[in-house]
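Here is a short report on one protein model. Look over the sequence and the structure before you read on.

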Amino acid sequence: MPIIVNLDVMMAKRKMSLNELSEKVDLTLSNLSILKTGKAKAVRFSTLEAICKALDCQPGDLLEFVSEENKLIRP
């Protein structure tokens, strides 16, 4: 999939655990885990907004587009 979710990177930068983020954005651990591992097929804008507020970041900090061609080159 060409969309990479960097939620774990932002959580590490903010020194925030999945449990803490779950409480702040009012999402279950399992739903956040699905998003963090890149297994989510969709994300609501309201969810993205809540995560961005909690982590003090922009949507582009969490989501990245990598074309299939570049994915082969990327480490």
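## Disulfides

How many disulfides does a search of the whole structure find? The search finds zero. Keep in mind that this is a predicted model.

Why do cysteine 52 and cysteine 57 not form a bond? Each has the other as its closest cysteine partner, sulfur to sulfur. The two sulfurs are 4.2 Å apart, which is too far for a bond. A disulfide needs the sulfur atoms within 2.5 Å, so this pair does not count.

Are these cysteines buried or exposed? Cysteine 52 is buried, with a relative accessible area of 10%. Cysteine 57 is also buried, at 9%. The cut-off for buried is under 20%.

## Helix 2 and its buried face

Helix 2 covers residues 18-25. Which of its residues are buried? They are Leu21, Ser22 and Val25. Look down the axis of helix 2: these buried residues fall within an arc of 105 degrees, so they line one face of the helix.

What does that face pack against? The buried residues of helix 2 pack against three helices: helix 1 (7-13), helix 3 (29-36) and helix 4 (45-55). Just past the end of helix 2 comes aspartate 26. Its phi is positive, at about 60 degrees.

## A closer look at serine 22

Serine 22 sits in helix 2. Its relative accessible area is 10%, so it is buried. The limit for that label is under 20%.

Which residues does serine 22 touch, leaving out those up to four places away in sequence? The contacts are Leu27, Thr28, Leu29 and Leu32. Of helix 3, recall that it spans residues 29-36.

## The cavity

Rolling a probe the size of a water molecule over the atoms shows where empty space is left. How many cavities of 30 Å³ or more does the structure hold? It holds one. The largest cavity contains about 50 Å³ of space.

Which residues line the largest cavity? Val5, Leu7, Leu35 and Val43 are among them. The lining also includes Leu48, Ile51, Leu62 and Leu63. Sorted by class, the lining has eight nonpolar residues. It has no polar and no charged residues.

Technical notes: Residues are numbered from 1 along each chain as its sequence is written. This is a predicted model: local features need pLDDT of at least 70, side-chain atom pairs count only at pLDDT 80 or more; totals for chains, interfaces and linings use all residues. Side-chain values use heavy atoms; hydrogens and water are left out. Buried means under 20% relative accessible area, exposed over 50%, partly exposed in between (1.4 Å probe, protein chains only). Helices (H or I, at least four residues) and strands (E, at least two) are DSSP runs, numbered from the N terminus. The arc is that of the directions from the helix axis to the C-beta atoms. Contact means heavy atoms within 4.5 Å. On a 1 Å grid over the protein atoms alone, a cavity is a set of points where a 1.4 Å probe fits but cannot get out, and a pocket is an open set with protein on both sides within 12 Å along at least five of seven lines; lining residues have an atom within 4 Å of a point. Grid points are joined across faces, edges and corners, and a volume is the space filled by probe spheres set on the points. Ala, Val, Leu, Ile, Met, Phe, Trp, Tyr, Cys and Pro count as nonpolar, Asp, Glu, Lys and Arg as charged, and the others, Gly among them, as polar.
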